Amino acid sequence: MWADHDPVTCIACGDTTARSDAREYDKHGDRWTRTDKEFEYLCKPCFRRLTKHARDGLEAALDDAGAGRVPDDEFLARFLDATREDTAERE
Ligand SMILES: [Zn+2]
């Protein structure tokens, strides 16, 4: 079981901070469903810079683009292509 003073690592900047000084981050944007879930953490400065816009479909889009499975440049190219197609379809 964790304790408030246990160190956690900010997923944005890599700094280590006490859990009690960090903010929980759920990549699906759902910080309220807690059962059987392990949260990631952001330090307070990074949390303040986090966009609070809805991110419906973002995880699926990242996965479709090959996040974590293809080299970064290929992933970025695929993601940007997919994003441009989405934008074009809405116009
Ligand atoms: Zn940070």
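This report describes the fold, the zinc site and selected residues of one protein chain. The structure is a predicted model.

**Overall architecture**

The secondary structure of the chain amounts to 3 helices and 4 strands. Their order along the sequence is β-β-β-β-α-α-α. The chain has a radius of gyration of 16 Å, well over the 12 Å that the globule rule gives for 91 residues, so it is more spread out than a compact globule. Measured out along the principal axes, the C-alpha trace spans about 45 × 25 × 25 Å.

The chain is divided into two parts: domain 1 covers residues 7–49, and domain 2 covers residues 58–90. A distance of 24 Å separates the C-alpha centres of domain 1 and domain 2.

Two further figures describe the chain. Of its 91 residues, 20% are buried. Among contacts between residues at least 6 apart in sequence, 26% join residues at least 24 apart.

**The zinc site**

Which atoms coordinate the zinc ion? The donors are the SG atoms of C10, C13, C43 and C46, at 2.3 to 2.4 Å. In sequence, these donor residues follow the spacing C-x2-C-x29-C-x2-C. C10 belongs to the loop between β1 (7–9) and β2 (16–18), while C43 belongs to strand β4 (residues 40–43), so the pair ties together parts that are 33 residues apart in sequence.

The arrangement of the 4 donor atoms is tetrahedral, because the angles that they subtend around the zinc ion are 102 to 116°. To count as tetrahedral, four donors must have all angles between 85 and 135 degrees.

C10 and C43 are both buried. For C10 the relative accessibility is 3%, and C46 is likewise buried, at 9%. These values fall in the buried class because that class takes in residues under 20% relative accessible area.

The number of disulfides is 0. A pair of cysteine sulfur atoms would have to lie within 2.5 Å to be counted as a disulfide.

**Residues outside the zinc site**

The loop between β3 (22–25) and β4 contains D36. Phi of D36 is near 55°, a positive value in a residue other than glycine. As a general matter, most residues other than glycine have a negative phi. D36 is also exposed, with a relative accessible area of 81%.

F79 is located in helix α3 (residues 72–90). Leaving aside neighbours within four places in sequence, F79 is in contact with L58, A61, L62 and A65. One of these partners, A61, lies in helix α2 (residues 58–64). A contact therefore links a residue of helix α3 to a residue of helix α2, because F79 lies in the former, A61 lies in the latter, and F79 touches A61 by the rule of heavy atoms within 4.5 Å.

How exposed are F79 and A61? F79 is partly exposed at 21% relative accessibility, and A61 is partly exposed at 27%.

The table below lists two pairs of residues with their separations.

| Pair | Separation in sequence | C-alpha to C-alpha distance |
|---|---|---|
| F79 and E38 | 41 residues | 26 Å |
| A61 and R84 | 23 residues | 12 Å |

**Summary**

The predicted chain has two domains. Four cysteine SG atoms, those of C10, C13, C43 and C46, hold the zinc ion in a tetrahedral arrangement. Within domain 2 (58–90), F79 is in contact with residues including A61 and A65.

Methods. Residues are numbered from 1 along each chain as its sequence is written. This is a predicted model: local features need pLDDT of at least 70, side-chain atom pairs count only at pLDDT 80 or more; totals for chains, interfaces and linings use all residues. Side-chain values use heavy atoms; hydrogens and water are left out. Buried means under 20% relative accessible area, exposed over 50%, partly exposed in between (1.4 Å probe, protein chains only). Domain bounds come from an automatic or database domain assignment. Donors are N, O and S atoms within 2.8 Å of the metal (3.2 Å for Na, K and Ca); water is not among the atoms, so sites may look incomplete. Four donors count as tetrahedral if all angles lie between 85 and 135 degrees; four count as square planar and six as octahedral if opposite donors are over 155 degrees apart and all others between 65 and 115; anything else is irregular. Helices (H or I, at least four residues) and strands (E, at least two) are DSSP runs, numbered from the N terminus. The radius of gyration is taken over C-alpha atoms; the globule rule is 2.2 Å times the number of residues to the power 0.38.
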